[in-house]
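These are my notebook entries on a single protein chain. I looked up polar contacts, strand pairing and salt bridges, in that order.

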Amino acid sequence: MNLPAFADLLAARGLRLLPGSHAVPVELLVQLPDATIARFTARGTTLRLSRFAPGALTAITIAAECGCGDHHPQSGPARVTLSRYAVPLDEHTLDGELLFGWQHHEAGLLRLADAATHFFTLLAHADTPTRELVGVA
């Protein structure tokens, strides 16, 4: 599976794959129906889904190779990413060491097709409402 095929799979579920997503190692930015941004990463032995407010996205301009302006434009392409000041609204993880016996960096070796299953598992868990205890005076 490649990123365009995965984007089609997401679109069928009402989700949108955002620029800045990578297939190797897997790092996905997905806009959810409520406009929040989900960031899914597969690193080390951990699979992580973090959700951010819609305003957490930013664009950074990549500097051109030399920037002199004579034969290259002074500024390069823009890249969409999460702001470094963005704080997750919530975060859900799968510990590959406990669940699958991973020892080193197996999550980072996952292909997109294999990681997609874990993405949807974590997304379903994130959509499940949690109970919160509130003190009553």
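**Entry 1. A serine side chain**

Which backbone nitrogen does the side chain of Ser21 reach? I worked on a predicted model throughout. In this model the side chain of Ser21 reaches the backbone nitrogen of Leu29, at 3.0 Å.

I then looked for a further backbone partner of this side chain. A polar atom of the Ser21 side chain lies 2.9 Å from the backbone oxygen of Leu18.

I located Ser21 in the loop between E1 and E2. Its relative accessibility is 11%, and Ser21 therefore counts as buried, the limit being under 20%. Leaving aside residues up to four places away in sequence, I found that Ser21 touches Leu3, Glu27, Leu28 and Leu29. I noted Glu27 for a later entry.

**Entry 2. The chain as a whole**

I next recorded the overall composition. The protein chain holds three helices and eight strands. Read from the N terminus, the order of elements is α-β-β-β-β-β-β-β-β-α-α.

The chain has 137 residues, of which 31% count as buried. About 8600 Å² of the protein chain is exposed, and carbon and sulfur atoms supply 55% of that area. I also looked up the sequence range of the contacts. Among contacts between residues at least 6 apart in sequence, 50% join residues at least 24 apart.

**Entry 3. Strand E3 and its partners**

With which strands does E3 pair? I listed E1, E2 and E4 in turn.

Strand E1 (residues 16-17) is joined to E3 by two bridges, and the two strands run antiparallel. Leu17 has Val30 as its bridge partner in E3.

Strand E2 (residues 22-23) also pairs with E3 in the antiparallel sense, over two bridges. E2 and E3 form a hairpin, with two residues between them. Here the bridge partner of His22 in E3 is Glu27.

E3 and E4 run antiparallel and are joined by five bridges. They too form a hairpin, with five residues between the strands. In that turn, Ala35 has a positive phi of about 80 degrees. On the E4 side, the bridge partner of Glu27 is Thr41.

I then checked how far E3 is covered. Five of its six residues are buried, so E3 is largely enclosed by the rest of the structure.

**Entry 4. The salt bridge of Glu27**

How many salt bridges does a search of the whole structure find? I obtained five.

One of them is formed by Glu27 with Arg43, and the closest N and O atoms are 2.9 Å apart. This pair links distant parts of the chain, since Glu27 is in strand E3 (residues 26-31) and Arg43 in strand E4 (residues 37-43), 16 residues apart.

Is Glu27 buried or exposed? Glu27 counts as buried, because its relative accessibility is 15% and the limit is under 20%. Arg43 has a relative accessible area of 34% and is partly exposed.

**Entry 5. Other salt bridges**

I continued with Glu91 and Arg48, whose side chains meet in a salt bridge of 3.3 Å, N to O. This pair also links distant parts of the chain: Glu91 belongs to strand E8 (residues 90-95) and Arg48 to strand E5 (residues 46-52), with the residues 43 apart. Both partners are partly exposed, Glu91 with a relative accessible area of 43% and Arg48 with 31%.

I then examined Asp114, which forms a salt bridge with Arg111, the closest N and O atoms being 3.6 Å apart. Asp114 counts as partly exposed at 36% relative accessibility. Arg111 counts as exposed at 54%, because the limit for that class is over 50%.

Which residues are joined into one network by salt bridges that share partners? I found Glu27, Arg39 and Arg43 in that network.

**Entry 6. Glu27 in review**

I closed by collecting the entries on Glu27. This residue of E3 is buried at 15% relative accessibility and is touched by Ser21. Its bridge partners include His22 and, in E4, Thr41. Its side chain forms the salt bridge with Arg43, and Glu27 belongs to the network that also holds Arg39.

Definitions and conventions: Residues are numbered from 1 along each chain as its sequence is written. This is a predicted model: local features need pLDDT of at least 70, side-chain atom pairs count only at pLDDT 80 or more; totals for chains, interfaces and linings use all residues. Side-chain values use heavy atoms; hydrogens and water are left out. A salt bridge is a side-chain nitrogen of Lys or Arg within 4 Å of a carboxyl oxygen of Asp or Glu. Helices (H or I, at least four residues) and strands (E, at least two) are DSSP runs, numbered from the N terminus. Buried means under 20% relative accessible area, exposed over 50%, partly exposed in between (1.4 Å probe, protein chains only). Two strands pair if DSSP finds at least two bridges between them. Contact means heavy atoms within 4.5 Å. Accessible areas come from the Shrake-Rupley method with a 1.4 Å probe; for residues, only the protein chains shown count as cover. A polar contact is a pair of N or O atoms within 3.5 Å; within protein, one must be able to donate a hydrogen and the other to accept it, and residues adjacent in sequence count only if both atoms are side-chain atoms.
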